[in-house]
Structures are given as structure tokens and as C-alpha cells.
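Biologist: I would like to learn how to read a protein model feature by feature, beginning with the whole chain and moving to single residues. Could we start with what the contacts say?

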Amino acid sequence: MKLLVVSDSHGDRDILVTLADQFKGQVDACFHCGDSELPADDPLWATYHVVGGNMDFDASYPVSQTVTVDDKRIFLTHGHRYGIKQDLTRLALAAREAKANFAFFGHSHELGVVETSGIVFLNPGSISQPRGQYASLGGTFALVTSTDDHTTIEFCTRDGRPVPELTVTYGGKG
């Protein structure tokens, strides 16, 4: 299974189209973790699983959703309603309740990944307004590759270049 995960595009529709086109046929699913600032009925969402963020004022967006790809369950949310800037406790409880293998979220604009209790928690960073230690990369998204043996998270820049020193692999999880 291979997934594309992006977040916090803040009106930058073109980059979402570019990523969808670039990875068409190469990934099993695309995920947007909120704050697109696009209408919920945008035709682009036929390509992405998407949730609403604190800057998405269209009430049609779901706050969260659980998606199954192959036999993996993905809990998708923006993160602002789960206090992710403080810690991942509330998000972890929601992901466990959803029986998720993965929890994808955004909101902080800072990339990060951690595996705990059999769940991989992934923030791909902001594709358009990055913050934190890796802001100089100019925006990031993530590619998740999961097999029965391992899960690899690869962070990439806006132009699709992988950042090898940020690649993380977890054995037998996810």
C-alpha cells in the first residue's frame, strides 16, 4: 500500500492538482488533512480523502473520517479539535477508538511522525506555509508505504524531491 498525505495548503489549489497528477497511478489513495480553504464541493476532492480544518469554513467538510485502504485503517483529521499542539493523547484515543493503524493530521504546519502502541501518527507538515525546524524546505508532504513487514514514511518537498534524512521506517507496524 502506498499513500500520499498532504495538509495545510491554505488556498494553494495548484499544488494539490500537481501532486495528484504527479502521483496518479503510483499511490493507492491521497489524503488531505485540512485547511485547504477550498469549497467542500471542489471537484479536486474526487481525488483526495479530505477533512475540514480550523480555516475551512464550509460546514460540509467532516471533522474526521476513517478510511480503509487494503487492510489498513486510517483515521484522518485536522488536529485542532484534538489538542495536537499540546500532545497526541486525545488524537491517540480517537485513533484507538477507530481501530486505526494510522492517524493522519495537520494543523501545526510542522512535519513529524511517531509510532506508538501500533499506530503511526503522521503530520506531513504544511505544503504551503511550513513552520518549525524544517520550514526552510519550503513545504512538505509525505508518502507512506506499508507492507506486512514494515511501514516507511518519506517526507518530500513541494517539487516532489524526497528528503532522505527525514525518512523513517517502522518494522512490522501499521
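Modeller: This is a predicted model, and a useful starting point is the sequence separation of its contacts: among those in the protein with a separation of 6 or more, 51% are between residues 24 or more positions apart.

Biologist: Which elements does the protein contain, and in what order do the elements run from the N terminus on?

Modeller: The protein has two helices and 11 strands, and from the N terminus on they are arranged as β-α-β-β-β-β-α-β-β-β-β-β-β. The radius of gyration is 14 Å, close to the 16 Å that the globule rule gives for 174 residues, and the protein is therefore as compact as a globular protein of that length. Along the principal axes, the C-alpha trace spans about 35 × 35 × 30 Å.

Biologist: How should I read burial and surface, and what percentage of the 174 residues is buried?

Modeller: A residue is called buried when its relative accessible area is under 20%, and exposed when that area is over 50%. By that reading, 51% of the 174 residues in the protein are buried. The protein exposes about 7800 Å², of which carbon and sulfur atoms supply 46%. As for charge, there are 14 positive and 22 negative side chains, and the centres of these two sets lie 4 Å apart.

Biologist: Which residues are buried in helix α1, and where do they lie around its axis?

Modeller: One looks down the helix axis and asks over what arc the buried residues are spread. In α1, which covers residues 13-23, the buried ones are Ile15, Leu16, Leu19, Ala20 and Phe23. They fall within an arc of 135°, so they line one face of the helix. Asp14 and Asp21, on the other side of α1, are exposed. The buried residues pack against β1 (2-6), β2 (29-32), β3 (48-50) and β9 (140-146).

Biologist: What does the same reading give for α2, and what covers its buried residues?

Modeller: In α2, residues 89-97, burial is found at Leu91, Ala92, Ala94 and Ala95. Seen down the axis, these lie within an arc of 165°, and so they line one face of the helix. Leu93 and Glu97 are exposed on the other side of α2, while the cover over the buried residues includes β5 (72-77), β6 and β8 (119-123).

Biologist: What sign of phi should I expect in most residues other than glycine?

Modeller: Most residues other than glycine have a negative phi, so positive values deserve a careful look. After α1 comes glycine 25, with a positive phi near 80°, and after α2 comes lysine 99, with a positive phi near 55°. Histidine 10, a residue other than glycine, has a phi near 45°; its place is in the loop between β1 and α1, and with 15% relative accessibility it counts as buried. Histidine 107 is not a glycine either, yet its phi is positive at about 85°; it lies in the loop between β6 and β7 and is buried, with a relative accessible area of 16%.

Biologist: Which residues does serine 108 touch, not counting those up to four places away in sequence?

Modeller: Serine 108 is in the loop between β6 (102-104) and β7 (112-116), and there it touches Ile84, Lys85, Asn123 and Arg131, with residues up to four places away in sequence left out. Its relative accessibility is 12%, so serine 108 counts as buried. Proline 124 is 16 residues from serine 108 in sequence, and the two are 10.0 Å apart in space, C-alpha to C-alpha.

Technical notes:
Residues are numbered from 1 along each chain as its sequence is written. This is a predicted model: local features need pLDDT of at least 70, side-chain atom pairs count only at pLDDT 80 or more; totals for chains, interfaces and linings use all residues. Side-chain values use heavy atoms; hydrogens and water are left out. Helices (H or I, at least four residues) and strands (E, at least two) are DSSP runs, numbered from the N terminus. The radius of gyration is taken over C-alpha atoms; the globule rule is 2.2 Å times the number of residues to the power 0.38. Buried means under 20% relative accessible area, exposed over 50%, partly exposed in between (1.4 Å probe, protein chains only). Contact means heavy atoms within 4.5 Å. Accessible areas come from the Shrake-Rupley method with a 1.4 Å probe; for residues, only the protein chains shown count as cover. Lys and Arg count as positive and Asp and Glu as negative; His and the chain ends are not counted. The place of a charge is taken as NZ of Lys, CZ of Arg, CG of Asp or CD of Glu. The arc is that of the directions from the helix axis to the C-beta atoms.
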